[in-house]
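This report looks at how parts of one protein chain meet, and then at a single helix. Please keep the model open while reading.

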Amino acid sequence: MILIPGFYKWMILIPGFYKSYVVYLGSHSHGSEAKLSDIKRVKNSHYELLGSFTKSKEEAKNKIFYSYTKNINGFAAMLEDEEAAQLAKHPEVISVFLNKGKKLHTTRSWSFLGLERDGWIPVSSLWTRARKLIGGRYFNKGYAAFVGPLNSTYNTSRDNDSGHGTHTLSTAGGNFVPGANVFGNGNGTASGGSPNARVAAYKVCWPPVNGSGECFDADIMAAFDAAISDGVNVISVSLGGDTPAEFFEDSIAIGAFHASRKGIVVVASAGNAGPAPLTVTNSAPWLITVGASTLDREFTSYVALGNRRHLKGTSLSEKGLPAAKFYPLISGEGANAADSSAGVRDSLCLPGTLDPKKVKGKILVCLRGITGRVEKGEEALLAGAVGMILANDEFSGNELIADAHVLPAAHVNFTDGQAAIAYINSTRIPVAFITRVKTELETKPAPSMAAFSSRGPNIMEPSILKPDITAPGVDIIASFSLAVSPSGEEFDKRRISFNTDSGTSMSCPHVSGIAGLLKTLHPDWSPASIRSAIVTSARTRGNNLEPILDSATNLKATPFDYGAGHIRPNRAMDPGLVYDLTENDYLNFLCARGYNQSQIKLFLGKPYPCPKSFSLADFNYPSIIVPNLNESVTVTRRVKNVGSPGEYFAYVKAPPGVSVLVKPKNLKFKRSGEEKTFQVTLKSTSTYGPRDYVFGRLVWSDGKHFVKSPLVVKQ
């Protein structure tokens with residue numbers, strides 16, 4: 001969730017100023033098939049509750065702009081700080097939190113053919129209709145509470161301002177579309193992870209407020225409430241907050257909890273705040289949290305320097321250089337305008353810093369950072385450059401992203417960028433050439449972790465490993481809205497039907513589509529079983545048979561980067577064993593987190609006795625993490641056979657400095673659906689004092705299936 005810098009400060013100083021809050025009350029007493037009388041009763045209860053803290057029930061009606069009446073119990077309202085504080089003390093209220101914005105991590109498209117033919121219809125439980133995109137809803141009241149009254153152009157679920165919704169939805173469930181490409185690059189047949197699925201769009205994100213906060217909690221909860229009632233099977237959430245919040249103060253965690261209770265799989269982005277640790281968001285254990293990694297396809301553009309050195313870059317520039325010859329080369333710092341301040345910022349090619357007399361007819365080297373990658377190219381083009389070399393800063397390392405640049409360009413890594421600058425400084429007449437973009441397939445090594453992908457440990461609950469999994473999230477080609485440009489910049493007037501994009505927003509729908517296929521193949525599997533199948537079948541080695549690398553450092557990645565590893569859909573179809581979780585397991589988890597009885601009752605809708613001795617170490621997650629191993633710890637897990645009868649044996653790769661004992665060492669299953677319990681004892685053998693996290697693996701195998709769980713231990 002995002003606090004807008006400088007915005008709340010002056011609001012708080014104004015006496016009687018109202019802000020929008022979400023008041024979460026847990027679950028409803030009515031069942032999934034709510035009658036009109038039930039909905040009226042719930043709304044009335046909201047008015048009465050808020051009315052007890054205001055002048056009247058009528059005033060409460062005016063303050064409430066959302067009543068969550070179907071699956072989630074609560075409301076969103078404009079309140080004074082004192083009213084919100086008093087509400088938080090009420091025994092029925094689980095939490096009261098500011099309606100804050102989250103970031104994006106919808107829609108005419110060939111991927112949703114049928115919409116154009118049949119017209120727009122509302123979302124319905126009649127999923128048998130012969131349509132691809134069966135409809136959409138929009139939710140903007142929480143957004144309007146911040147920005148003020150909205151005009152009619154906001155009353156639409158169409159993707160008319162970012163292309164993000166079209167891209168992610170088509171990745172999850174788009175049709176087969178032959179001849180998909182971006183300016184002729186990456187040509188092939190596009191399809192979503194579940195290409196035969198019917199899809200529905202729920203728009204909760206709108207133009208940024210003061211540069212951030214597009215998707216507001218009140219709208220997100222309203223969308224979850226509607227989607228659950230509409231009967232969806234999988235919810236794909238390509239958005240999230242920058243600041244982790246306790247689960248009962250997080251709209252995505254709340255909505256996903258209620259969805260999971262109804263058997264709906266919820267998949268969410270890990271976030272784009274990497275490579276810094278402790279940045280992963282959407283970390284609730286009932287979510288599948290997805291990091292981003294590369295795939296074995298690159299859009300290559302080489303830079304030839306005048307000293308005969310070649311730099312491998314990437315790009316999706318629409319055009320090449322006007323002639324196959326060397327051009328003068330200049331750095332952003334060397335191209336400073338006379339009135340530009342000296343220093344490192346000058347190499348960033350920021351607006352107003354370039355001197356057209358120095359830049360015209362040359363290739364310009366710009367350092368990544370502050371402004372957008374394509375925006376730097378626009379500044380270069382306006383100054384008269386014929387091409388641009390976009391060089392990573394040290395923080396971005398080896399991460400390269402192919403953008404639809406507005407001029408011939410190549411994005412190079414930090415080392416190569418430094419080499420280009422060194423060459424410029426070594427000669428009186430530096431020159432260079434940039435080749436046209438070429439699509440290269442089966443590149444190695446792949447996958448590698450994207451530098452931007454948010455990382456663990458899980459700051460909200462260190463005993464739960466997040467992210468769960470990683471999936472393709474760099475330079476992903478998918479359908480795109482014709483209402484916006486491929487670069488997302490207003491100055492860009494181009495329009496294309498398919499575009500690349502990068503982020504955990506792109507990796508999330510890959511997993512959502514796969515979850516949809518698994519739901520079709522195994523309709524009796526719980527959301528936890530589907531997550532387990534995905535997690536325990538993942539791989540941690542690339543196509544060169546070496547460990548997956550972190551593109552930020554070029555060093556070996558860890559489970560804090562990729563969770564269990566890179567997703568393997570075919571293996572997930574037949575995992576052998578799964579680690580299942582029930583509603584009671586999640587409630588026990590909340591008990592262990594310190595939730596009181598009134599809070600638990602409201603989550604469940606009835607009293608729930610918390611176990612006296614439940615340990616988070618025994619929470620039946622498909623990964624095992626011990627955030628504080630002093631001497632020894634024993635954890636308990638149970639696995640369910642979802643394959644043929646057979647016998648599984650335990651194999652362990654122990655984390656360095658830790659001994660691992662599994663008891664029993666073999667599990668024999670006589671039938672499908674049978675469950676067995678085992679214990680893992682981890683003991684420190686290190687004599688070197690405090691150490692950081694170390695990593696290993698537990699594998700159960702019957703010779704055909706390999707059920708792998710990460711072991712993560714901090715001594």
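## Polar contacts at the interface

In this predicted model, eight residue pairs are in polar contact across the interface of domain 2 and domain 3. On the side of domain 2 that touches domain 3, two elements give two or more residues: β8 (185-190) and β26 (498-501). By class, that side has eleven nonpolar, ten polar and four charged residues.

One salt bridge is counted between domain 2 and domain 3. Which side chains meet in a salt bridge? They are those of Glu318 and Arg494, at 3.6 Å from N to O.

## Domains and buried area

The domain assignment splits the chain into four parts. Domain 1 covers 19-98, domain 3 covers 298-440 and domain 4 covers 620-714. Domain 2 is assigned in three segments: 103-115, 125-295 and 447-575. The contact between domain 2 and domain 3 takes 25 residues from domain 2 and 20 residues from domain 3.

The centres of domain 2 and domain 3, taken over C-alpha atoms, are 32 Å apart. The size of an interface is often given as the accessible area lost when the parts come together. Here domain 2 and domain 3 bury about 1700 Å² between them. Of that area, 59% is on carbon and sulfur atoms.

## Helix α11

Helix α11 spans residues 373-382. Which of its residues are buried? They are Val374, Lys376, Gly377, Glu378, Glu379 and Ala380. Charged residue types thus appear in this buried set, among them Lys376 and Glu378.

The cover over the buried residues of α11 includes α10 (356-359), β18 (363-367) and β19 (387-391). After α11 comes Gly384, with a positive phi near 100 degrees.

Note on methods
Residues are numbered from 1 along each chain as its sequence is written. This is a predicted model: local features need pLDDT of at least 70, side-chain atom pairs count only at pLDDT 80 or more; totals for chains, interfaces and linings use all residues. Side-chain values use heavy atoms; hydrogens and water are left out. Domain bounds come from an automatic or database domain assignment. Contact means heavy atoms within 4.5 Å. Buried area is the accessible area (1.4 Å probe) that two parts lose on being put together, summed over both. A salt bridge is a side-chain nitrogen of Lys or Arg within 4 Å of a carboxyl oxygen of Asp or Glu. A polar contact is a pair of N or O atoms within 3.5 Å; within protein, one must be able to donate a hydrogen and the other to accept it, and residues adjacent in sequence count only if both atoms are side-chain atoms. Helices (H or I, at least four residues) and strands (E, at least two) are DSSP runs, numbered from the N terminus. Buried means under 20% relative accessible area, exposed over 50%, partly exposed in between (1.4 Å probe, protein chains only).
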